[in-house]
Structure formats: C-alpha cells, structure tokens
Amino acid sequence: WIPSTNKPASTAGQDPTTASFSSRFDELVSLDTGTETPAAVDERYYSVPPTQPQLLVNTKPRITLTRFLSNIVKEDPEARDMESLLLSIQMACKTISNLVNRAGLANDLGEQNSDYSDGRFYSMKRLDLLSTIVLKNALQFTGKCECVAPGPKVDTESPAEHQPGVLIASALDSNYVTVLDPLDGSGNADASICTATVFGVFEQPNDEEDGEATTATSVDDNEKLVQSVLQPAKNMKAAGYCLYSSATVLVFTLDQGGVYGFTLDPQLQEFVLTHRDLSIPKRGNVYSCNEANSEGWADDWKSYVKSLKLGQGETKKPYALRYVGSMVGDIHRTLLYGGIFAYPSDSLRHPDGNLQLLYKTAPMAYVVHRAGGKAIDGRTGSLLEVTPERVHQKSPCFMGSPEDVEEFEKYLQQ
Ligand SMILES: O=P(O)(O)OC[C@H]1O[C@](O)(COP(=O)(O)O)[C@@H](O)[C@@H]1O
C-alpha cells in the first residue's frame, strides 16, 4: 500500500507490482468481468448503481450468525443459553482466525523461544496457548461460564509430550458443559495449512438421578467438571467447528435442526450464512487417511483401501487419496464432497489411532451424523455410542458418506 502523499502522479507505464494496491486491485476486479460490462456485473451481483465506484461488498441481504441465533431464540426462548454460548464461541473464533492469519508474522513480534529450532513444536505451543486464552476469555466474558483446562494431572496416562489444549467450560446458570479443542492442527499454522477450533456441548448429568451424588467436599470441583463431560457423542446438544483456511467457516448443528455453515466475511467481520442445510453426499470418490501408517493397519482396512485404489470397490471406480493432515480440514472436505475419512489403529505406532475422542472426533462425528453421514470406531459400532473414560482418550475413527462407511463395514464383518 502506498500512502497517498507518496503516490506517483501517474502509474501509466509503471511496473504493475509497484503500482498502488488500489489500482492493481481495480485491474484484477475488472479482469473478472469477462465480456460483460462492469455495470452489468454490478447489477447482477452487487446491486450498486453504475455511477458509483465499484463496491466489492456483496450487498445482497445476508443472514448473520447473530441474527440467525436470535431468530431461533424468538421461536424458542429456552434456547437463550445456547445462543449466548455460541455467540461467545463465534467471538473467540474471529480472534483466533486473526491470530492464525498472523502466525507467519510471529517473528516480527520479537518473540524468543528456545524451541524455535523445531518450528512445529514452537508454533503448536504458542498458538495452542493463545487460542486457549482467547476462548477462555470469550466464554468467561459472557459472565455465564467458568473454565478448566485439564492437563496431564487429570489424565495420568497421557503422553508427556505435546497435549492439545483442551478446554472444558461449564455454564454457570444453565445446564450446559462444553468441551473445546481450541486449535486442532496448530502445528500446521506456520506452514499456512488449515487449523480449526472444535466444540461439543452436553447437558450436565444429573448426579442425584444417576445415583452418583457427589459433594464439593468429596470431589474437587474441577475434577467434577471434567467427569461431567465424559459422555458419548449421542448426548450432545450442539457440536461444531470453525475451520481457519482460505476462508474461515463456522459449521455447527443443534439438538434439533440441520447442519449450518457460516463464512466469516473479512470486510464485515461477521459470520454470514453460506451453507443452509449441509448434507453429505451419499457416496464419494475420495479416501482420506495417513498412508504412512499402512504397514501396521489391520487387514480389514488394508483390503478395503486396496479395493478403492484398484477400482474394485462397489462403485468399480478408482478412488483418489486426499490427506491434509489437519483433521477438520479433511472432514470438512469429506462433508462437502463425500468419501471416507479415517484414522484407524495400527499395530506399530497408534494402537488406538491418533485422534482424541472427546474433543476431536466425537463432535466431528456428531456433525457428520447430523448431515446424514456415518461415523464408526471399527470396533464396537457407532462412534456416537462410545463413552470416553478419560479426557485425552484416543479412538480409531471412520466417518463420511453413508454408502462408503457401510462398504467398509462389510470388511469388518468378514
Ligand atoms: O500426523 P498424523 O499422525 O497423520 O496426525 C494428523 C492429525 O493430527 C492433528 O494435526 C492433531 O494435531 P494437534 O495435536 O496439533 O491438534 C489432526 O488435526 C490430524 O488429523
């Protein structure tokens, strides 16, 4: 950007790369119009009178997430607590989106860190921590939530090394408890690969009804909160994710209703409804998994993948492999285009896969299920039925288009 005082009088004949940003921008926009006149394009897309300078804002009426939620509350006043929870999550996601976009500029902030030799580890620690703080503040800002961030203390079997910054929030004046992964795939951010925030909302279990009455004196309150989220995904009242990629997209589903996607308009800094009732294609032509683990895979998954590669599966067409290595990115693509995403167990390095159930795959499985897809663990059946015993417990997972998952299930039966 060239400040107006330094702008050359004319950019004619100038190297386009040194021309002012606005003139380059106009040029790029006008390329977009093809054979149509800019006025015709304006009329079709922007409803801006041709006498006005081209506005790049789409002025079609859009439903913002805020309005969408307030409409739900108008219909159902009991949804007010859920509204305030989702509004605080959207506020945090906007901030995290900015943080992730600035990840590559971290050095400019003069930050020193002895772990920087391992860029992935440094990025993970810094962005995980920042995103956790942002979410915590946003949730507490409502005055309705308290949070704990359980570390290895509550999960003694967890690996000592990197542990995702899971956050558990309890709504003070309502029944909800929320589990959040502030930044899944944070190690990818410095390479500009997509990352995401994942969340799942449960109702607080009624201890007395369950015959497990506990008092604050018998069990530490934090521990009690941690125990309260150890529920199967089928109990969720809402779940979703915010994907930070070429666009920032917030996708969620509520107890009733479909799956909705809102895209962050960077100019308005508002999430606007872009995916009205997301439903996963019944069948896809892509499988998504980490092939580097294939030596340790069980025969069922190995044979299934082989049949897809050779075009010997039910569709008789060869499948493509797509694996970003960022769970939400891979599952979001599966949701839109169809196919199957999996992190199976392998005998060499990942006896239970590599993805945590409670705050990663369970909320994603809930969304996929609500969009008409299927999610299984390859052992007991539906992933939605599995109750985690520990916060950081991992589980194999297979999810995606119903026909693709069902085809794989036939290999399991064999
Ligand atoms: O490298 P692998 O074993 O394929 O694992 C990739 C998985 O790890 C993750 O990046 C999780 O990483 P984080 O621990 O940084 O959240 C997932 O998003 C992804 O699907």
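**Notes on the predicted model**

1. Start with the overall picture. Out of the 414 residues in the protein, 39% are buried. Bear in mind while reading that this is a predicted model. The secondary structure adds up to ten helices and 13 strands. If you look at contacts with a separation of 6 or more, 65% of them link residues that sit 24 or more positions apart.

2. Now the ligand. Eleven residues surround the ligand, and the ones that come nearest are D184, G185, N290, M327 and N354. What classes make up the shell around the ligand? Seven of the residues are polar, three are nonpolar and one is charged.

3. Where does the ligand lie relative to the domains? It lies between domain 2 (65–275) and domain 3 (286–413), because both of them give residues to the shell around it.

4. On the annotation side, an unreviewed UniProt entry marks residues 280–412 as "domain: Fructose-1-6-bisphosphatase class 1 C-terminal". In the model, that stretch is 35% helix and 12% strand. The C-alpha atoms at the two ends of residues 280–412 are 23 Å apart.

5. Strand 13 (residues 397–400) deserves a look. In a regular strand, side chains alternate between the two faces of the sheet. Here both faces are covered: C397 and M399 are buried on one side, and F398 and G400 are buried on the other.

6. Which strands pair with strand 13? Strand 11 (residues 340–343) runs antiparallel to strand 13 and is joined to it by four bridges. If you want a pair to find on screen, A342 has F398 of strand 13 as its bridge partner. Strand 12 (residues 374–376) also pairs with strand 13 in the antiparallel sense, over three bridges. For that pairing, try K374, whose bridge partner in strand 13 is G400. Both of these strand 13 partners, F398 and G400, are among its buried residues.

7. Strand 4 (residues 195–203) is another one to check. How many of its nine residues are buried? Eight are, which leaves the strand mostly covered.

8. Strand 4 has antiparallel partners too. Strand 3 (residues 176–184) pairs with strand 4 over seven bridges, in the antiparallel sense. Within that pairing, T178 has V201 of strand 4 as its bridge partner. Seven bridges also join strand 4 to strand 5 (residues 238–244), and these two run antiparallel. There, V198 stands opposite Y241 of strand 5. Strand 3 also takes you back to the ligand: its range runs to residue 184, and D184 is one of the residues that come nearest to the ligand.

9. Next, a backbone oddity. Q269 is not a glycine, yet its phi is positive, at about 55°. You'll find Q269 in the loop between strand 7 (259–265) and strand 8 (270–275). Is Q269 buried or exposed? It counts as exposed, because it has 10 C-beta neighbours inside 10 Å.

10. K316 is a residue to view alongside Q269. Its phi is near 65°, again a positive value in a residue other than glycine. Where does K316 sit? Look in the loop between helix 7 (299–309) and strand 10 (320–321). K316 has 9 C-beta neighbours inside 10 Å, so it counts as exposed.

Notes: Residues numbered from 1 in each chain as written. Predicted model: local features only at pLDDT ≥ 70, side-chain atom pairs only at ≥ 80, totals over all residues. Near = placed C-beta within 6 Å. Nonpolar A, V, L, I, M, F, W, Y, C, P; charged D, E, K, R; others polar. Domains from an automatic or database assignment. Buried ≥ 20, exposed ≤ 12 C-beta atoms within 10 Å, placed from the backbone. Contact = placed C-beta atoms within 7 Å. UniProt positions renumbered as here; feature names shortened; annotations may be inferred. Pairing = 2+ DSSP bridges.
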